[in-house]
Amino acid sequence: MRKILITLLAMCAMSVAFAQNSPVILTVNVAKLYDGYWKAKEAEAKFQSSIENAQQEIQTMIADGMKLTEELQELQAESSSPAISEERKKEIAKEAQTMIQTIQQKERDVNQFRQTTDRQLQQRRQAITELHLSDIQAVVTEVAEGKGADLVLNTQGLAVVYSNESMDITDEVLTKLNADKP
């Protein structure tokens, strides 16, 4: 009987200790924070502008190439005319060969520009994302520490199956993130 009483007292003491030391777990929706963060929104707008500028540059390069192709077609049509001399046909052939080389170079330039621009834009997007996620992480940490949290889980993804709405600090973090919005 004494052993049972000691065991029960030990279990009660452990459950009281566990209740006093139970972890505080909060949740946050990082995607919502990122989408709602004013600095991230501004950066995304500027980034989209960069994409549009690159696309316009590519379209200009393509239009230049198309113009050269049209000129080449005109030369080829002229060379097939029975009214021109053999000497003019030879001149047209030389001009056409030069134009073909120019068109091929334009194609290579467009492809290289597109690849370089895509690579630069990907690097820029990654840098922008990392910068803003760093800001978000700092504010999440600040809010979580202010609430005495031991753990904050991202509600996005498969890692969290259930979270109590009262534990979600997303809106509070978003308010702090946007507090210095001009």
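Helices (H or I, at least four residues) and strands (E, at least two) are DSSP runs, numbered from the N terminus. With that in hand, D171 can be placed in helix α5. The model is predicted, so local features need pLDDT of at least 70 and side-chain atom pairs count only at pLDDT 80 or more, while totals for chains, interfaces and linings use all residues. Residues are numbered from 1 along each chain as its sequence is written, and side-chain values use heavy atoms, with hydrogens and water left out.

**Figure 1. The protein chain, from end to end.** Welcome to the overview: the protein chain holds 5 helices and 2 strands, in the order α-β-α-α-α-β-α from the N terminus on. Confidence is given as pLDDT, the predictor's score for each residue from 0 to 100. The average pLDDT is 84, and 84% of the residues score at least 70. Residues 1–19 have a pLDDT below 50, and this stretch has 0 contacts in the model beyond near neighbours in sequence; a contact means heavy atoms within 4.5 Å. Of contacts between residues at least 6 apart in sequence, 86% join residues at least 24 apart. Buried residues account for 24% of the 182 residues, where buried means under 20% relative accessible area, exposed over 50% and partly exposed in between (1.4 Å probe, protein chains only).

**Figure 2. Helix α3 and its buried residues.** Helix α3 covers residues 38–79. Its 42 residues should span 62 Å at 1.5 Å a residue, and its end C-alpha atoms are 62 Å apart, which agrees; the expected span is 1.5 Å times one less than the number of residues. Among the buried residues of α3 are W38, A43, F47, I51, I58 and L72. An α-helix has 3.6 residues a turn, so residues three or four places apart point the same way. The cover over the buried residues of α3 includes α2 (30–36), α4 and α5 (170–177).

**Figure 3. Helix α4, with Q104 and the residue after its end.** The 61 residues of α4 should span 90 Å at 1.5 Å a residue, and the end C-alpha atoms are 89 Å apart, which agrees. Look for Q104 in this helix; with a relative accessible area of 38%, Q104 is partly exposed. Q104 and G65 are 39 residues apart in sequence, and their C-alpha atoms are 8.8 Å apart in space. G148, just after α4, takes a positive phi of about 70 degrees.

**Figure 4. The cavity lined by α3 and α4.** The count is 1 cavity of 30 Å³ or more, and the largest cavity has a volume of about 30 Å³. On a 1 Å grid over the protein atoms alone, a cavity is a set of points where a 1.4 Å probe fits but cannot get out, and lining residues have an atom within 4 Å of a point. Its lining consists of Y34, A43, E44, F47, R125, I128 and T129. Helices α3 and α4 (86–146) each supply at least two residues of this lining.

**Figure 5. Helices α2 and α5, far apart along the chain.** D35 lies in helix α2 and is exposed, with a relative accessible area of 54%. The C-alpha atoms of D35 and L174 are separated by 9.7 Å, with their positions 139 residues apart along the chain. D171, back in α5, counts as partly exposed at 48% relative accessibility. D171 and K32 are 139 residues apart along the chain, and their C-alpha atoms are separated by 8.9 Å.

Notes. 1 Å grid on protein atoms, 1.4 Å probe; cavity = no way out; pocket = protein on both sides within 12 Å on 5 of 7 lines; lining within 4 Å. Points joined across faces, edges and corners; volume = space filled by probe spheres on them.
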